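This report is a guided reading for someone meeting the structure for the first time. Please keep the sequence and the 3D view at hand while reading.

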Amino acid sequence: MCMSESTLRVFSFWLDWINQVYLRANHDRLKAAHTFVTDELKTLGVPFLNRNAGFFVWIDFRKYLKRRTFEEEMLLWRRFLDNKILLSCGKAFECNEPGWFRIIFADKTHRLQLGMQRVREVLEQREQELLNEETDQSCQSDSEGKADSTDEVIFVSHHQQPVSTSGCNLGDLIGLLQQQMRSSDWLQKNTVEQFAQEKPEVYDVFNKLVGKQ
């Protein structure tokens, strides 16, 4: 079957249009879309694999996982889906490490802008959740440490063996303190007269304050 001259002219016209117009415009739009998505990822501080070909970008969301497991990856994928963002998780492509997601950037500009805005919101929420969990764990560890260090008080005097207060109530502690103060020789050694001789200036100030009461 031979093609007529007019058919060849039409075919040549469309071939030139595809090569000079369509493919160039398509390439420019894909490049602009790729630049927009990767610039947004850079702003968010999210690592990604930068390649010169393809219609998608591999994104590293490992730092947004509470634990490096594929179960946590699926939870994050579900979080994106609940916020109307459809990403492809790495497990679907046999990735050997959880936390990698694939985003397709071959779309219209306004859709990419809306999608990246939603991605930003999800990541900011997740980052705040992880920060709150770390803060709660840190506060809990500090509280446990303080509780361990002050859980048991031991009173020591010159004439008695160390006495543990574990299991004592407030009345028992007060009684124990009074008993040890009476048995201690500190009050006998540190008299008012001795204090007045050692620190007369402080003693005078103390007397003036007492006199004003």
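In which helix is the place of V10? V10 belongs to helix α1, which covers residues 5-44. Before going further, a reader should keep in mind that this is a predicted model.

**A nonpolar patch on the surface**

V10 is one of the residues of a nonpolar surface patch, which also includes F13, W14, W17, I18, V21, Y22 and L23, and the accessible area of these residues together is about 770 Å². V10 itself has a relative accessible area of 46%, so it counts as partly exposed.

**The sheet and the helix packed on it**

How many strands form the open sheet, and in what order? There are 4 strands, arranged as β1-β2-β4-β3, and their pairing is antiparallel. At the edges lie β1 (48-49) and β3, each of which pairs on one side only. Helix α2, residues 70-82, packs on this sheet and touches β3 and β4, with a direction that makes about 30° with that of β4.

The pairings can be followed strand by strand. β1 and β2 run antiparallel and are joined by 2 bridges, and L49 has W58 in β2 as its bridge partner. Strand β2 (residues 56-60) pairs with β4 in the antiparallel sense over 5 bridges, and here V57 finds its bridge partner in I103 of β4. Strand β3 (residues 88-89) is joined to β4 by 2 bridges, again in an antiparallel arrangement, with R102 of β4 as the bridge partner of S88.

Why is strand β4 described as largely enclosed by the rest of the structure? The reason is that 4 of the 5 residues of β4, which spans residues 100-104, are buried.

**Salt bridges**

As a general point, side chains of opposite charge can pair when their charged atoms come close. In this model the count comes to 9 salt bridges, and the table lists some of them with the N to O distance.

| Basic residue | Acidic residue | N to O distance |
|---|---|---|
| R126 | E72 | 3.7 Å |
| R79 | E129 | 3.1 Å |
| R111 | D107 | 3.5 Å |

The salt bridge between R126 and E72 links distant parts of the chain, since R126 lies in helix α3 (residues 109-150) and E72 in helix α2, 54 residues apart. Are these two residues buried or exposed? R126 has a relative accessible area of 11%, which is under 20%, and is therefore buried; E72, at 8%, is buried as well.

The side chains of R79 and E129 also meet in a salt bridge, and because R79 lies in helix α2 and E129 in helix α3, the pair ties together parts that are 50 residues apart in sequence. R79 counts as partly exposed at 25% relative accessibility, and E129 counts as partly exposed at 29%.

D107 and R111 form a further salt bridge, in which D107 is partly exposed at 37% relative accessibility and R111 is partly exposed with a relative accessible area of 48%. Which residues are joined into one network by salt bridges that share partners? The network consists of R67, E72, R79, R126 and E129.

**Drawing the parts together**

Helix α2 thus appears in two settings: it packs on the sheet, touching β3 and β4, and it holds E72, whose salt-bridge partner R126 lies in helix α3.

Key. Residues numbered from 1 in each chain as written. Predicted model: local features only at pLDDT ≥ 70, side-chain atom pairs only at ≥ 80, totals over all residues. Heavy atoms only, no water. Patch = residues over 30% accessible without salt bridge, like charges linked within 9 Å, V, L, I, M, F, W, Y side chains within 5 Å. Areas by Shrake-Rupley, 256 points an atom, 1.4 Å probe, with all protein chains shown as cover. Salt bridge = Lys/Arg side-chain N within 4 Å of Asp/Glu carboxyl O. Buried < 20%, exposed > 50% of the residue type's maximum accessible area, 1.4 Å probe, protein only. Pairing = 2+ DSSP bridges. Contact = heavy atoms within 4.5 Å. Axes fitted to C-alpha atoms, helices over the stretch in contact; angles between N-to-C directions.
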